[in-house]
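Please look over the chain shown here before reading on; the report that follows treats its overall make-up, then two helices and a few single residues.

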Amino acid sequence: GSYDLLVLDALRERPAYGYEIVRRIAEQSKHTIRWHFGTVYHVLHHLERQGLVTSRWKTVGRDRERNYYRLTARGRGVWRRQRAQWQVFSKAVNALLGL
């Protein structure tokens, strides 16, 4: 669940390719969260099967291609709902821990 939310969140502003998503998550978490590339692609394919993201190959440079992922309208709605649920959950856990 949280993996999906992190990837959806990484795509909320603009499309990105796998390595870029891994880098964004690492940077935004101050390198606390470090994923292997297989992890992000597993999550992306799962989200694509659910219709939450779409992908498109783009040529970059001379002969290099990258698969860019973008949120669908449905994906944006799921991102909003999951984000709100996470805020409620994390607030409750923090209260239980006295934080």
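Are α1 and α2 roughly parallel or roughly perpendicular to each other? The axes of α1 and α2 come within 10 Å and cross at roughly 100°, the axes being lines fitted to C-alpha atoms, for helices over the stretch in contact, with angles that run from 0 to 180 degrees between N-to-C directions. The two helices α1 and α2 are therefore roughly perpendicular to each other, on a scale where angles under 35 degrees count as roughly parallel, over 145 as roughly antiparallel, 65 to 115 as roughly perpendicular and the rest as oblique. On the α1 side the contact is made by Leu-6, Val-7, Asp-9 and Ala-10, and on the α2 side by Ile-21, Arg-24, Ile-25 and Gln-28, where contact means heavy atoms within 4.5 Å.

The model is predicted, so that local features need pLDDT of at least 70 and side-chain atom pairs count only at pLDDT 80 or more, while totals for chains, interfaces and linings use all residues. Residues are numbered from 1 along each chain as its sequence is written, and side-chain values use heavy atoms, with hydrogens and water left out.

**The chain as a whole**

The protein chain holds 4 helices and 2 strands, arranged along the sequence in the pattern α-α-α-β-β-α; helices (H or I, at least four residues) and strands (E, at least two) are DSSP runs, numbered from the N terminus. Taken along the principal axes, the C-alpha atoms of the protein chain fill a box of roughly 55 × 30 × 20 Å. Of the 99 residues in the protein chain, 33% are buried, a term that means under 20% relative accessible area, with exposed over 50% and partly exposed in between (1.4 Å probe, protein chains only). Among contacts between residues at least 6 apart in sequence, 46% join residues at least 24 apart.

**Helices α1 and α2**

In α2 (residues 18–28), the buried residues are Gly-18, Glu-20, Ile-21, Val-22, Arg-24, Ile-25 and Ala-26, and what covers them includes α1 (2–10), α3 (37–49) and β2 (64–71). Those of α1 are Asp-4, Leu-5, Val-7, Leu-8 and Ala-10, whose cover includes α2, α3, β1 (53–60), β2 and α4 (73–96). Just after α2, Lys-30 takes a positive phi of about 55°.

**Three residues in and after α2**

| Residue | Place | Relative accessible area |
|---|---|---|
| Glu-20 | helix α2 | 10%, buried |
| Arg-24 | helix α2 | 10%, buried |
| His-36 | loop between α2 and α3 | 64%, exposed |

Not counting residues up to four places away in sequence, Glu-20 touches Arg-14, Pro-15 and Tyr-68. Leaving aside its neighbours within four places in sequence, Arg-24 is in contact with Ala-10, Leu-11, Arg-14, Pro-15 and Ala-16. How far apart in space are Glu-20 and Phe-89, C-alpha to C-alpha? The distance between Glu-20 and Phe-89 is 28 Å, with their positions 69 residues apart in sequence, and for His-36 and Tyr-19, which are 17 residues apart in sequence, the C-alpha to C-alpha distance is 9.5 Å.
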